[in-house]
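Here's a friendly walk through one protein model, a few spots at a time. Have the sequence and the 3D view ready.

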Amino acid sequence: MNWRRTSTARPAGLATLVLGAGHAGRALVGALRTAPGYGLRPVGFLDDNPRLRRAMGLPVMGRLDDVARAAHVTGARAALVAIPSLPSPRIAQLIDRTVAAGLLVRHLPSFLAAVERDMRLSDLRGVHVGKLLGRDEIHVSSQRARALIRGRRVLVTGAGGSIGSELCRQIHGFGPAALYLLDHDESNLHGLHLEITGSGVLDSNEIIIADIRDRRRLEQVFTETRPDIVFHAAAHKHLPLLERHPCEAVKTNVRGTQDLVDLAVRHGTSRFVLISTDKAADPASVLGATKRLAEIMVQAAAGGPTCVASVRFGNVLGSRGSLLSVLADQLAKAQAVTVTHPEVTRFFMTIEEAVGLVLEAVAMAEYAETFVLDMGDAVPIVDLVHRYAEAVHLPEVTIRFTGLRPGEKLNEKVFSDSETRLATAHPKIWATRTSEVPSGLPALLDRLYAAADDNDAPQTLALLQQLLPEYRRTLHPQTAASVAGPYPDGF
């Protein structure tokens, strides 16, 4: 058969061969043409019927077993097996042959399940979360938190982010006297304010555009709003990026937090809660180290007029850039799922659990505690990937392991080896207290901030180590594959 390459000017999408030119294959091509968002562009069919020459305006390029040759001619990078009547052994043979040709392959039933289900993050609520977490979801927010917030002026930093916005939604329902939404991203603030109030006019004094790295602006905000309660959710949190840019992590996560705590105390704020991370426990990354220092900034204010606390989260399902958002996107595009290591585990919680924990912490705080939700056992990432795929009726999943990246642990923990786990009034919330603040802290912080302002990454890393002897930076070999693939935060 005489095959010729077509023009080099191609429309967008991954060139895809459709194995089977019958009713199912033609219907699939029609569906893909009306749904370009799936990123697959049919370029030809393969079929064992020798009488077929064209279908749906595409050439039938040979028999099913000609997949390697057809891929070479067309430049195809994916293949869809669209013959539901084929016996399972023959389908398995075709899949093996297609994979051997270097193509990404999907079998029709599982692919159609992905096409029929819009796998955006908003569909997560339709997935039984217990199957993903390996435990029941925990509801921790109490009437005590509601009573504490009602009638108070509340400031939320990072209000436009995943955690900050959910905090604002729930706090708004508690009847605060004022709810101040602070973020440096005006688009996120606009969307959140419209959702909460139903107004897009943006004429409210409760919308505050500010950067927590700008102390003079923060001083103005506290003077004007006089918040009774502050929830500090603003942070740099993308682990791999902070490994490359440690100075930026210090400017935001450490100095930004210190300025907020100082201003809260000076302006008579009654309660202050920091959103931290389990990566702060015996940190191995810049993210973990800077958030541990942020916790120390909070602990240093213990015993003063402001009641302070920190809350450590595991990985939050449903937050922006989380595992499920990346996973859903990769599966919707029929891509291999990227996981760093076959034995990697993480602690997971839902966004509702996270916010409930924060609200409960603000009510339980007494002496600069760090609160942690009892999340059960750490979940193997590979298991969660398969559970999620099964939940959205996509049992066939290809996982590509790319190696741990700098700063990543194989297994996280929620308390450091030196911390004592304390029971609280809530059976599913634990706490720890750290009585000792590192000696010489102010002088070392001044040096750290100077190094960060000079964008001196080596000196910044050295001072982080000096401030936190428990900080053990991990340096894994960075492969080309791990640089190229998309990843959620923290994996």
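What follows looks at one helix, a glycine in a loop, the cysteines and two residues with a positive phi.

This is a predicted model, where local features need pLDDT of at least 70, side-chain atom pairs count only at pLDDT 80 or more, and totals for chains, interfaces and linings use all residues. Residues are numbered from 1 along each chain as its sequence is written, and side-chain values use heavy atoms, with hydrogens and water left out.

Let's start with helix H9, residues 215-225. Helices (H or I, at least four residues) and strands (E, at least two) are DSSP runs, numbered from the N terminus. Buried means under 20% relative accessible area, exposed means over 50%, and partly exposed is in between (1.4 Å probe, protein chains only). In H9, the buried residues are Leu218, Val221, Phe222 and Thr225. They sit on the same side of H9, because they cover an arc of only 95 degrees around the axis; that arc is taken from the directions from the helix axis to the C-beta atoms. An α-helix has 3.6 residues a turn, so residues three or four places apart point the same way. Turn to the face away from the buried side and you'll find exposed Arg216 and Glu224.

What do the buried residues of H9 pack against? Their partners are strands E7, E8 (178-183), E9 (207-209) and E10 (229-232), plus helix H11 (246-266).

E7 (153-157) also leads us to Gly158, which is in the loop between that strand and helix H7 (162-172). Gly158 counts as buried because its relative accessibility is 10%. Setting aside neighbours within four places in sequence, Gly158 is in contact (heavy atoms within 4.5 Å) with Gly164, Leu182, Asp183, Ala233 and Ala234. His184 is 26 residues from Gly158 in sequence, and their C-alpha atoms are 7.8 Å apart in space.

Now for the cysteines. Cys168 is buried at 0% relative accessibility, and Cys307 is buried too, at 16%. If a disulfide is a pair of cysteine sulfur atoms within 2.5 Å, the count here is zero.

Last come two backbone oddities. Most residues other than glycine have a negative phi, yet the table has two non-glycine residues with a positive one.

| Residue | Phi | Loop | Relative accessible area |
|---|---|---|---|
| Met56 | about 55 degrees | between E3 (54-55) and E4 (58-59) | 35%, partly exposed |
| Arg226 | about 45 degrees | between H9 and E10 | 47%, partly exposed |

Arg226 brings us back to where we began, as it comes just after H9.
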